[in-house]
Amino acid sequence: MLAKIWAIFRKDLLIELRTKDSLNAMLFFGIVVLVIFNFALESVRESIRSAVPGVLWVAFAFSGTLGLNRMFAAEKENSCLQGLLMLPVDRGVIYLGKMLAATVFMLITEVVIFVFSLVFFNLTVWNEIPYLVLVFFIGTLGFTAVGALLSAISVNTKMREVLLPLILFPVILPILVNAVEATSIILNTVDYRTLKLPLTIMSVFTIVFGTISYLLFEYVLED
Amino acid sequence: MIEVRGLAKYFGRFSALRDLHLSVGEGEFIALFGRNGAGKTTFLRILAGLSRPSSGEMRILAPHVLTPREARGSMGYLSHNTALYADLTALENLRFFARLMNLPSGDGDLAEKIARVGLLGREREPVRNYSRGMQQRLAIARAFLHDPVILLLDEPFTGLDQHGTDFLKAYLADAHARGRTCLMAIHDAPLGYELADRLVVIEKGVAALDVAKAALTLEQFMDRYKALAEER
Amino acid sequence: MDHKSQSRLDTVLGVLLLVSMIGALYMAFLGAPREKTMGDLQRIFYFHVPAGMTGLTAFAVNFVASVMFLVKKDRWWDNLALSAAEIGVIFVSIVLVTGPIWAKPVWFVWWTWSPRLTSSLILWMLYVAYLLVRNYVPDPDRRATMSAVFGIVAFVDAPIVWFSVRWWRDIHPSPMLETGGLSPAMRPAFWTCWAAFQILFIYLIRRRFYLEAARNNVEWLVRRADTLR
């Protein structure tokens, strides 16, 4: 089973590395969001460092949604989904492969957006990096865990990709709240002991929704 | 081999299939005819497991009882969509599907499959560069990579040139000769008549006509087919 | 239960509803004592909180119905899920409207971002999203399946949302605190209102369910007519 998950993961990665369709869009959009926030937060320029966690995660969430939309939109071309559905594999395996690929794309995008934010907002971070990596990783995993399921749902509706943000954002609110707080703790207060709770909530979210999505995926996947 | 009883499929108020009965024996080649929207595609998709029927019974490989997953392993489905990843090469496409079907995915094994559909030499190009006919051939290789006992085809000759048509005819004749069971939806009545042993016409959501080829000449069949289509 | 007993039950429920609502209004406005700090405004509490609790009950019903639909594939459960979700959204809307009405005179702001209000808002959004999913899937069988999956996701998400919002508020405390406590003298009024809302919930959900079942019957009849053509 692991080999099959890996095969699906590899295939998505291969296509993306060749076309770079998703990544380009996600990166560009993420940076555009940063720029917009720069203008939006002009009046609080002095304390902008405290707003950075929120800005970052909004940028991550928006560009992540773009990536999730592409996840199944790409399979619609040539009805590739049909080919996948004819395979003697559990639907949950397809879920895991695609979810992991989406996580990788999002993480790549997040690193780039973060670097740009360091430049735009004049920040310096060194010791904080391992903790940031941890928070970004768990937050992203939670995002894609439920995002992959909801993307499969929305792509099958009349509104297609437009529906995804509408149904995704209420659901991932716990991830956003905790991720922003955790990032803020790392960048602003540096009281790492308080990281335990948000990280725990995000991990619980990821495990719970990863499991539910794995089990329910067969019901939503249709051509 | 395949048992279908009372199959119905509704999309809201619209009925694609109403009360379809069909019994397919091992090794039979059935040509499915019918007007556009008569339900041929819906029927094939339900057999393939891509769509759930609203009511009715369906057994694949009866009398065995299979899980849906096992049933998928014994079928291959080819529609007018190729289900190929346009940005990957033929080799990469087949390697992906081979891995997921637990088939040997070494370059040598795949090269053999590619050669069988006459695409050797172009296997390292992205599928996007292929002509329609070439894509169809690769789609055939993909759909039947695991040499399934049941072949389901939905209008496979659409958009093929003479060369491609000849190739597919030979491919299907070979599969038939090796004892594979085939269900093929087709518009071209003479072609379907030529390839099949049994002719089924779906009209108004039921199997309105179900005869062995031996029982009718092509002209007789086409007369009855036309009569059914005009019946309103 | 046949049609006649159903109608009889509806009549009984209707009478019960009328009586309990009158009782609730009496208890809330006249029977319960006047609150010390906020005065008569506090009486909103007797509607604000039971509405929230009933909303949660509705969403729990939706969750069970969604799971049962996926298991049994019987549209009866889908009808129940839809009815429960719609009624639930109505009740949570009551919470979201009574909240600001209460907040404005007391804290001089319309919205307090308190844990309860914030969680109610997110809950409201989750189930509006559920209704959106239903709205955009035309085929009835697929609609039932997709929304059942989302219904499960939404209900599992709710407690995690609650924890997250509460913790967030703990970190960023606000001086605007809602009174949670009830003096013993207030309890009869509270529970009367709660009971009235529960009966209202059952009454509304039955009516909504009938409507949906009737729609399904029409669909079935059209199919039958189609077959006989």
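These are my notebook entries on a predicted model with chains A, B and C.

**Entry 1: chain A on its own**

I started with the secondary structure of chain A and counted nine helices and zero strands. Reading along the sequence, I wrote the pattern down as α-α-α-α-α-α-α-α-α. Next I looked up the radius of gyration, which is 18 Å for chain A, while the globule rule gives 17 Å for 223 residues; the two are close, so chain A is as compact as a globular protein of that length. The C-alpha trace of chain A spans about 55 × 35 × 30 Å along its principal axes. I also checked burial: 51% of the 223 residues in chain A are buried. Among contacts in chain A with a separation of 6 or more, 85% join residues 24 or more positions apart.

**Entry 2: chain C on its own**

Chain C got the same treatment. I found six helices and zero strands, and from the N terminus on the elements go α-α-α-α-α-α. The box around the C-alpha atoms of chain C, taken along the principal axes, is roughly 70 × 45 × 25 Å. Buried residues come to 38% of the 229 in chain C. For contacts in chain C with a separation of 6 or more, the share between residues 24 or more positions apart is 78%.

**Entry 3: where A meets C**

How many residues of chain A are in contact with chain C? I get 25 residues of chain A against 26 residues of chain C. On the chain A side, the elements giving two or more residues are α6 (129-155), α7 (163-171), α8 (173-189) and α9 (196-220). The largest share there, eight residues, comes from α9(A). I sorted the chain A side by type and noted 20 nonpolar, three polar and two charged residues.

**Entry 4: where B meets C**

I then turned to the contact between chains B and C, which takes eight residues from chain C and six residues from chain B. Helix α6 (residues 187-228) of chain C gives the most to the chain C side, with five residues. By type, the chain C side that touches chain B has three nonpolar, one polar and four charged residues.

**Entry 5: the sheet in chain B**

Chain B has an open sheet of six strands, and I noted the order as β5-β6-β7-β3-β8-β9, with mixed pairing. Which strands stand at the edges? They are β5 (75-78) and β9 of chain B, each with a single partner strand, so one side of each has no neighbour in the sheet. From one strand to the next, the twist averages 15°.

I followed β8(B) through its pairings. Strand β3 (residues 29-33) of chain B pairs with β8(B) in the parallel sense over four bridges, and Ala31(B) has Leu199(B) in β8(B) as its bridge partner. Strand β8 (residues 198-203) of chain B also pairs with β9 (residues 206-212) of chain B, this time in the antiparallel sense over six bridges. Ile202(B) stands opposite Ala207(B) in β9(B). The hairpin of β8(B) and β9(B) has two residues between the strands, and Lys204(B) takes a positive phi near 55° in this hairpin. Helix α8 (residues 218-230) of chain B lies across β3, β8 and β9 of chain B, and I noted that helix running at about 10° to β8(B).

**Entry 6: one leucine in chain B**

Leu172(B) sits in helix α6 (residues 162-177) of chain B. Buried or exposed, I wondered about Leu172(B)? The count is 21 other C-beta atoms within 10 Å, so Leu172(B) is buried. Leaving out residues up to four places away in sequence, Leu172(B) touches Cys182(B) and Leu195(B). Leu195(B) is 23 residues apart from Leu172(B) along the chain, and their C-alpha atoms are separated by 7.9 Å.

**Entry 7: two positive phi values**

Most residues other than glycine have a negative phi, and I looked up two exceptions. Phi of Asp147(B) is positive, near 45°. Asp147(B) lies in the loop between α5 (132-143) and β6 (150-154) of chain B, and with 12 other C-beta atoms within 10 Å Asp147(B) is exposed.

In chain C, Trp113(C) has a positive phi near 50°. The place of Trp113(C) is the loop between α3 (75-107) and α4 (115-135) of chain C. I noted 14 C-beta neighbours inside 10 Å, so Trp113(C) counts as partly exposed.

How values were computed
Residues are numbered from 1 along each chain as its sequence is written. Chains are lettered from A and ligands numbered from 1 in the order in which they are written. This is a predicted model: local features need pLDDT of at least 70, side-chain atom pairs count only at pLDDT 80 or more; totals for chains, interfaces and linings use all residues. Two residues are in contact if their C-beta atoms, placed from the backbone, lie within 7 Å. Ala, Val, Leu, Ile, Met, Phe, Trp, Tyr, Cys and Pro count as nonpolar, Asp, Glu, Lys and Arg as charged, and the others, Gly among them, as polar. Two strands pair if DSSP finds at least two bridges between them. The radius of gyration is taken over C-alpha atoms; the globule rule is 2.2 Å times the number of residues to the power 0.38. A residue is buried if 20 or more other C-beta atoms lie within 10 Å of its own, exposed if 12 or fewer, and partly exposed in between; C-beta atoms are placed from the backbone. Axes are lines fitted to C-alpha atoms, for helices over the stretch in contact, and angles run from 0 to 180 degrees between N-to-C directions.
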